[in-house]
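Here's a quick briefing to read with the model open beside you. Have a look at the chain, then work through the points below.

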Amino acid sequence: MENEENKSADISLGNQSVGRLLFRYAFPSALSLVCNAIYNIVDQVFNWKKIFPADAVRDPGPGNG
């Protein structure tokens, strides 16, 4: 059974156009990279807010302003 699946994958790689194969295999990979980048950006925003809260940035503290 597994051997038949490997043969069918090899046949599709040999017979389909390069554009179709590129879209089929590269698109999920590129989509995961974009999702990971968005996650990292959002994570950095939340971490920045935890490290530097808005009140601490606006208020210089006693004797500093």
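Which residues form a nonpolar patch on the surface? That would be Val 34, Ile 38, Val 42 and Phe 46, with about 370 Å² of accessible area together. Bear in mind that this is a predicted model.

**Overall layout**
- The protein has three helices and zero strands, so read from the N terminus the order is simply α-α-α.
- Buried residues account for just 3% of the 65 residues in the protein.
- About 6100 Å² of the protein is exposed, and carbon and sulfur atoms supply 62% of that area.

**Helix H2**
- H2 covers residues 18-51.
- With 34 residues at 1.5 Å each, H2 should span 50 Å, and its end C-alpha atoms sit 48 Å apart, so the two values agree.
- There's a kink of about 40° in H2 at Ala 26, shortly before the proline Pro 28.

**The nonpolar patch**
- Val 42, one of the patch residues, is found in helix H2.
- Is Val 42 buried, partly exposed or exposed? Its relative accessible area is 40%, and because the partly exposed class runs between 20% and 50%, Val 42 counts as partly exposed.

**The aromatic pair**
- A pair of aromatic rings is described by the distance of the centres and the angle of the planes.
- Rings pair if their centres lie within 6.5 Å, and by this rule the count comes to one aromatic pair.
- The pair is Phe 23 with Phe 27: the ring centres are 5.0 Å apart and the planes are at 20°. Planes under 30 degrees apart count as stacked, so that's what this pair is.
- Both Phe 23 and Phe 27 lie in helix H2, four residues apart, or about one turn of the helix.
- How do the two partners fare for exposure, given as relative accessible area? Phe 23 comes in at 57%, which makes it exposed because the cut-off is over 50%. Phe 27 has 42%, so it is partly exposed.

Technical notes:
Residues numbered from 1 in each chain as written. Predicted model: local features only at pLDDT ≥ 70, side-chain atom pairs only at ≥ 80, totals over all residues. Heavy atoms only, no water. Phe/Tyr/Trp six-rings, centres within 6.5 Å; stacked < 30°, edge-to-face > 60°. Helix = DSSP H or I, 4+ residues; strand = E, 2+ residues; numbered from the N terminus. Buried < 20%, exposed > 50% of the residue type's maximum accessible area, 1.4 Å probe, protein only. Areas by Shrake-Rupley, 256 points an atom, 1.4 Å probe, with all protein chains shown as cover. Patch = residues over 30% accessible without salt bridge, like charges linked within 9 Å, V, L, I, M, F, W, Y side chains within 5 Å. Salt bridge = Lys/Arg side-chain N within 4 Å of Asp/Glu carboxyl O. Expected span 1.5 Å × (residues − 1). Bend = angle between axes of the 7 residues up to and from the residue.
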